[in-house]
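Visitor: I'd like to go through this one and hear the reasoning behind each label. Could you walk me through it?

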Amino acid sequence: MPSKNPRMMLTLKPDVLAALQDLSDALGKPTATVAAELLTEMRPQLLDLAKYARAMKAGKTDVAKRALSHMVGDALADQLSLLDKGKA
């Protein structure tokens, strides 16, 4: 059955592919599935990075700083939640 989602070709450096394959093996999932899941989980950061890049390109440093601050804040919150889970 054809996929409902669009597909894309991706060329990776050998060391990046090896790391992705290692993670895939450890998780027992296909490499393409793991790559797609990683990108899906990173969606908010990708959107913030796009805002940052557009703002910098347009010379809007105040907007860029807010986007960057949002990215860093979210990443920090994620790390802190992982630490909290380790204490449980």
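**Checking the labels**

Guide: Happy to. At 1.5 Å a residue, the 14 residues of α1 should span 20 Å, and its end C-alpha atoms are 20 Å apart, so the two agree. Bear in mind that this is a predicted model.

Visitor: How confident is the predictor in α1, and where is confidence lowest?

Guide: Confidence is highest in α1, at a mean of 96, and lowest in helix α4 (residues 61–87), at 73. For the protein, the mean pLDDT is 85, with 92% of residues at 70 or more.

Visitor: What comes just after α1?

Guide: That's Gly28, with a positive phi of about 70 degrees. Something similar turns up just after α3, where Gly59 takes a positive phi of about 75 degrees.

Visitor: And how do you know what span to expect for α3?

Guide: The expected span is 1.5 Å times one less than the number of residues. Helix α3 covers residues 43–57, which is 15 residues, and the expected figure is 21 Å. From its first C-alpha to its last it reaches 21 Å, close to that expectation.

Visitor: Back to α1. Why is Ser24 called buried?

Guide: Buried means under 20% relative accessible area. Ser24, which is found in helix α1 (residues 14–27), has 3%, so it is buried.

Visitor: Which residues is Ser24 in contact with, leaving aside its neighbours within four places in sequence?

Guide: Ser24 is in contact with Lys29, Pro30, Thr31 and Val34.

Visitor: Lys29 again! What makes its pairing with Glu37 a salt bridge?

Guide: The rule asks for a side-chain nitrogen of Lys or Arg within 4 Å of a carboxyl oxygen of Asp or Glu. In the pair Lys29 and Glu37, the closest N and O atoms are 3.0 Å apart, and they form a salt bridge. By this rule the count comes to 1 salt bridge.

Visitor: Are those two partners buried or exposed?

Guide: Neither. Partly exposed is the range between the 20% and 50% limits. Lys29 has 34% relative accessibility, so it counts as partly exposed. Glu37 has 30%, so it counts as partly exposed too.

Visitor: Why is Val16 called partly exposed?

Guide: Its relative accessible area is 41%, so it falls between those limits. Val16 is found in helix α1.

Visitor: Which residues form the nonpolar patch on the surface?

Guide: Met8, Leu10, Leu12, Val16 and Leu17, with about 460 Å² of accessible area together. Patch members need over 30% relative accessible area, and Val16 has 41%, so it passes.

Notes. Residues are numbered from 1 along each chain as its sequence is written. This is a predicted model: local features need pLDDT of at least 70, side-chain atom pairs count only at pLDDT 80 or more; totals for chains, interfaces and linings use all residues. Side-chain values use heavy atoms; hydrogens and water are left out. Helices (H or I, at least four residues) and strands (E, at least two) are DSSP runs, numbered from the N terminus. Buried means under 20% relative accessible area, exposed over 50%, partly exposed in between (1.4 Å probe, protein chains only). Contact means heavy atoms within 4.5 Å. Patches are made of residues with over 30% relative accessible area and no salt bridge: like charges are joined within 9 Å, nonpolar side chains (Val, Leu, Ile, Met, Phe, Trp, Tyr) within 5 Å. Accessible areas come from the Shrake-Rupley method with a 1.4 Å probe; for residues, only the protein chains shown count as cover. pLDDT is the predictor's confidence in each residue, from 0 to 100.
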